[in-house]
Amino acid sequence: MCGIVAYVGPQQAYPILIKGLKRLEYRGYDSAGIALLNSKLNIFKTKGKVSELEKLVKDADLRGTIGIAHTRWATHGEPNNENAHPHFSQSKSIALIHNGIIENYASLRKELESRGYVFQSSTDTEVLTNLIEDIQINEGVDLLEAVRIALNQVIGAYAIVVMSHDDNDTLIAARKGSPLVIGIGIDEYFVASDASPIIEYTKNVVYLDNEEVALIRRNKDLKIKTIRNKDKTPYIQELEMNLDALEKGGYEHFMLKEIHEQPHSIQDSMRGRLHAELGAITLGGILDYEQKLINASKITIVACGTSWHAGLVGEYLFEDLARIPVEVEYASEFRYRNPIICEKDIIIAISQSGETADTLAAIELAKSKGATILGICNVVGSSIARVTHAGIYTHAGPEIGVASTKAFTSQVAVLTLMALRLAQLKGTIPKTRFNQLLNELELIPEKVQQTLKGSKKVLEIAEKFKDVRNFLYLGRGYNFPVALEGALKLKEISYIHAEGYPAAEMKHGPIALIDEQMPVVVIATNKGTYEKVISNIQEVKARKGVVIAIVTEGDLAVKGMADYTIEIPETEEMFVPLLATIPLQKLSYHIAVMRGCNVDQPRNLAKSVTVE
Ligand code: F6R
């Protein structure tokens, strides 16, 4: 959701900015723009993709060693040329790019209009741009000070970069809520909304904190202060990411690459944490909070989308293994309720990006009530990773495809380790069973690899059903979240309507939908409620529904009833989500490709949802 890139240094800015915008395309956007300063400050912007912007500037003067660039995901105002960023201030003296939402923009705009400002767009961003100019003119302050004063008047979330037509050496950057990273090269600086546009130039970065403003000047040290005018010392960190992780590596789409990375990404999530041979689990990130976990009266998991589905698997795991009550909450609902939270509660916040606005707000709410917050994040240094008391990184590597795949299985892997560790600490699991589960968990990456081999069957099913309008996904127990996740994957990338349901709930409503046109995907692996799920399949068949079943290798009973079956290797019931999700990801992928959809950047979706 919205991407920021900026550069100042000895190199030409345009190629760096355009490449950076392409690296940020995965976040989702609907317009793109760039501002460059040479003899004058020029802005080029257009609705559509970065490739449209490249066409637009084909014959333009693109010289300049300082510039800012942006991909916009529309919030205030439709995605058109006027609303695209950067925005000029009224006198065209400054240009600004912005991620986030200025909530009090309407009153600020009214005030500025009364002072003669005329707006070219319907964005909150142009309001902020003119506010900064107005402060500069009326208070006679420099750009840094004008930005700082303006941000004190702003309610909402922002990551901004500002440049001025009369200063070829300076960028001002600031953030609250939306992320911003500053890359420090030799005599040059890069600014971006995440590290992906920076990594090929430098590994040294500073993550701006909330309400910090950075003064970034050519050939000068980086200066940071808060919007309340307190100086801060920049904390330089080294990025662990490498460039290969940001390329497609021979795959047609990032999503396919990421699906195939899962044997490794799950392994990476467990590396150094799972020691099956020693009968031990070490979770360094939350070591200091183990006693709090033992004493907790309940765990509340907050997350959105796919991460929420992982949380649901977590609920089953924690209750099953560690015998502790768990609630899984949509962060967006939790934050606006009056939830009952006490100091003994543990909140687990799950987020791939670590930037999801609703999840961040849910954390702040729980924190204000004294709860302990543990994070499960993929993006190192992300906002959620930083605001939680402690946490565990999933280490799945960058996820570029908008539809989450490897992040989900890594989140489930980490939750599994947490639940097992807590069970061990609380003594709710016999040692022999614990060791047995650890040994099986160690085999999961290999079993994911085997699961990935069953592509032919999935392709055949995709071909058969690519044109249907509805899908139903059913599962029970640990497979219920898998059904939800399978349905979400299909709808977000192929635009086919799909619903996930607990299998037994079908007869309370969705059964009315079933006819010979309706494919029903049933996760029918051989443990837990297997017999019950077989009855549910019979109910579908009795109404002439078409059943696509995910079954355990060697299964005969379901095979005899279902129209299509996809086998996955045998494993413990609680580890089935790590395997059963894989063919559902592939089914969605192939259907979306066959329908000609933009798999990696589905319409209307953003990779990190930094607005509520
Ligand atoms: C689905 C998907 C979204 C995200 C959700 C939360 O494929 O990607 O549903 O899971 O927006 O995002 P994170 O995990 O970054 O908080």
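Which element gives the most residues to the lining of the second largest pocket? In this predicted model, that element is α9, which contributes four residues to the lining. The pocket concerned has a volume of about 660 Å³. Of its 30 lining residues, Cys304, Gly305, Thr306, Leu488 and Val609 are the closest to the centre. Two or more lining residues are supplied by each of α9 (305-322), α10 (331-334), β20 (346-351), α11 (357-368) and α16 (479-494). By residue class, the lining of the second largest pocket comprises 14 nonpolar, eleven polar and five charged residues.

The placement of this pocket can be described in terms of the domain assignment, which divides the protein chain into domain 1 (3-239), domain 2 (247-452) and domain 3 (453-600). Because domain 2 and domain 3 both give residues to its lining, the second largest pocket lies between these two domains. The centres of domain 1 and domain 3, taken over C-alpha atoms, are separated by 45 Å.

The largest pocket has a volume of about 910 Å³. A total of 41 residues line this pocket, and those nearest its centre are Met241, Asn378, Val380, Gly397 and Pro398. The elements that provide two or more residues to this lining are β15 (237-238) and α7 (262-270). Of the elements, α7 gives the most, with three residues. The lining of the largest pocket divides into 14 nonpolar, 14 polar and 13 charged residues. Both domain 1 and domain 2 give residues to the lining, and the largest pocket therefore lies between them.

The surroundings of the ligand were examined next. There are 15 residues around the ligand, of which Ser307, Ser351, Ser353, Thr356 and Glu492 come nearest. For Glu492, a polar side-chain atom is placed 2.5 Å from an oxygen atom of the ligand. In the case of Lys489, an N or O atom of the side chain is 2.9 Å from a ligand oxygen atom. The backbone also takes part in the polar contacts, with an N or O atom of the main chain of Thr306 lying 3.0 Å from an oxygen atom of the ligand. Taken alone, the ligand exposes 410 Å², and the protein buries 90% of that area. Thr306 is, in addition, among the residues closest to the centre of the second largest pocket.

Two features of the backbone geometry remain to be reported. In general, most peptide bonds are trans, and most residues other than glycine have a negative phi. The peptide bond from His85 to Pro86 is cis, with omega near 0 degrees. Pro86 is located in the loop between β4 (66-72) and β5 (87-88). Glu211, although not a glycine, has a positive phi of about 65 degrees. This residue, Glu211, is found in the loop between β11 (204-207) and β12 (212-217).

How values were computed:
Residues are numbered from 1 along each chain as its sequence is written. This is a predicted model: local features need pLDDT of at least 70, side-chain atom pairs count only at pLDDT 80 or more; totals for chains, interfaces and linings use all residues. Side-chain values use heavy atoms; hydrogens and water are left out. On a 1 Å grid over the protein atoms alone, a cavity is a set of points where a 1.4 Å probe fits but cannot get out, and a pocket is an open set with protein on both sides within 12 Å along at least five of seven lines; lining residues have an atom within 4 Å of a point. Grid points are joined across faces, edges and corners, and a volume is the space filled by probe spheres set on the points. Ala, Val, Leu, Ile, Met, Phe, Trp, Tyr, Cys and Pro count as nonpolar, Asp, Glu, Lys and Arg as charged, and the others, Gly among them, as polar. Domain bounds come from an automatic or database domain assignment. A residue is near a molecule or strand if one of its heavy atoms lies within 4 Å of it. A polar contact is a pair of N or O atoms within 3.5 Å; within protein, one must be able to donate a hydrogen and the other to accept it, and residues adjacent in sequence count only if both atoms are side-chain atoms. Accessible areas come from the Shrake-Rupley method with a 1.4 Å probe; for residues, only the protein chains shown count as cover.
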